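Student: I have just opened this entry, and I would like to understand why its parts are described in the terms people use. Could we go through it slowly?

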Amino acid sequence: MEIKVLGMGCAKCRSLVAEAEKALAQSGRPGVVEKVEDMAMITAFGVMRTPALVVNGRVKCSGRVPTAKEIGPWLNEA
Amino acid sequence: MAERGLNAEGPAAARPAWVPGLGLALACAAWVLIYSRLRGLASWFTFGLAGLGPSSRFAGAVDFFAFEGPKVLMLMLAVVFGVGVLRSFVTPGRARAMLAGRREALGNVLAALLGIATPFCSCSAVPLFIGFVTSGVPLGVTLTFLVASPMVNEVALVLLFALFGWKVAALYVGTGLAVAMLAGWFIGRLGLEDWVEPWVYQLRAAPGGEIEARGLAERLKAGGVAVRDIVGKVWPWVLAGIAVGAFIHGYVPADFMASFMGRSAWWAVPVSVLMGVPMYSNAAGIIPIVQALMEKGAALGTVLAFMMSVIGLSAPEAIILRKVLKPRLIALFFGTVAAGILVVGYLFNAVF
């Protein structure tokens, strides 16, 4: 599973990476959490508010930091 | 805290559709009941429970805190929740669709209004800027949006309403919007598109990356998330601010501030604006202090200029925008907004 955190490196982006890693570990599924800081890539996802969470190429959430508990079901859908 | 209960995690679909509506009605009723009794509760706490004599300075300070603290927190809870729900109707994607290809003057007015309804943290300023500019929103209109959104901030609004009354709150919104509109319009007229970093125009923003909430349960949940994120973060600052305000209220002699921040000191407005630039996250705690200062003789225009500067001119945002704007455009942009704030400050000092 491919999880991306889009954001330019503010405190919120870092806490989203932590939440996503926690959710991934809890789901017990193989995968990686990747941090995307390149503006061209962020723009290509159509995201205007960071941080944003992308699971297998689909934007799940933007402009806030969801909890690991909230991220869990998104990983299971994917 | 009644609203919290509505947003307990759980499958919203499993509940009948009327449950969130009923919960909301009950929470509102409980809120009104408690809010209407706050004055009596505060007096009971200070003079009954704590047994303080009515004339002491300490009692004055305690009573101020016991009334203003819960009052401001309750107002903030209600407004942040309500605004969170309303905002689930306006996403940046929709705002962009409404603004793309707009003509300037009308575009600036619309952008300022949409800016209030679309919150973003300063780290989102760059993706928003690119998303707007690359899909045909004019530069000046985009800049209006970027100033209006943080300037008219719900926490600041609640505090102004609670501590200064609705007239000052309305003036703050009105003049804040005017500054955002005029600054964006002015820069738009200058035609400075080549002062934007050239790589920005080579990007292409994909449409529809933003997720929207649907249905009452999901919108109420958006309100709950706003409460958790905003009130959860600012309440210690607000209480600390009110505590300092309570101290000033009880101990600092009346008219003490008149010599520093009163209307006779012409330099008070520019100094307040300069002081506001580096302050950012503590805006919530500053307003109660400012209110207490005003009670001791500081002038309204100076206070408003200070607030706008704290919230609208943030140094971190300027640094972040450097990625997409050339330094001279940032300087011009912030200079124009600062000039607008100065005018507002002097205007109110002259009128009131």
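**Reading the interface and the sheet**

Tutor: Let us begin where the chains meet: in this predicted model, about 2100 Å² is buried between chain B and chain A, and carbon and sulfur atoms give 61% of that area. On the side of chain B that touches chain A there are 17 nonpolar, 6 polar and 8 charged residues.

Student: What makes the residues of chain B and chain A count as being in contact?

Tutor: The test is heavy atoms within 4.5 Å, and by that test 31 residues of chain B are in contact with 22 residues of chain A.

Student: How do you know how many salt bridges there are between chain B and chain A?

Tutor: One would need a side-chain nitrogen of Lys or Arg within 4 Å of a carboxyl oxygen of Asp or Glu, and the count between the two chains is 0. For polar contact, with both residues at pLDDT 80 or more, the count is 1 residue pair. As for where the touching side of chain B comes from, α4 (92–99), α6 (125–133) and α11 (215–251) each supply at least two residues, and the largest share, 6 residues, comes from α6(B).

Student: Why are β2 and β4 of chain A said to stand at the edges?

Tutor: The open sheet has 4 strands in the order β2-β1-β3-β4, with mixed pairing. Strands β2 (32–36) and β4 (58–62) each have a single partner strand, so one side of each is left without a neighbour in the sheet. Neighbouring strands are turned by 25° against each other on average, direction ignored.

Student: How do you know that β1 of chain A pairs with β2(A)?

Tutor: Pairing asks for at least two bridges, and 5 bridges join β1 (residues 2–6) to β2(A), the two running parallel, so the condition is met. Within this pair, A:Ile3 stands opposite A:Val33.

Student: Which strands of chain A does helix α1 lie across?

Tutor: Helix α1 (residues 11–27) lies across β1, β2 and β3 (52–55) of chain A, running at about 165° to β2(A). Helix α3 (residues 68–77), for its part, lies across β1, β3 and β4 of chain A, at about 25° to β3(A).

Student: What makes the peptide bond from A:Thr50 to A:Pro51 worth pointing out?

Tutor: Most peptide bonds are trans, whereas this bond is cis, with omega near -5°; A:Pro51 lies in the loop between α2 (39–44) and β3 of chain A. In the loop between β3 and β4 of chain A, A:Asn56 has a positive phi of about 45° although it is not a glycine.

Note on methods. Residues are numbered from 1 along each chain as its sequence is written. Chains are lettered from A and ligands numbered from 1 in the order in which they are written. This is a predicted model: local features need pLDDT of at least 70, side-chain atom pairs count only at pLDDT 80 or more; totals for chains, interfaces and linings use all residues. Side-chain values use heavy atoms; hydrogens and water are left out. Axes are lines fitted to C-alpha atoms, for helices over the stretch in contact, and angles run from 0 to 180 degrees between N-to-C directions. Buried area is the accessible area (1.4 Å probe) that two parts lose on being put together, summed over both. A polar contact is a pair of N or O atoms within 3.5 Å; within protein, one must be able to donate a hydrogen and the other to accept it, and residues adjacent in sequence count only if both atoms are side-chain atoms. Ala, Val, Leu, Ile, Met, Phe, Trp, Tyr, Cys and Pro count as nonpolar, Asp, Glu, Lys and Arg as charged, and the others, Gly among them, as polar.
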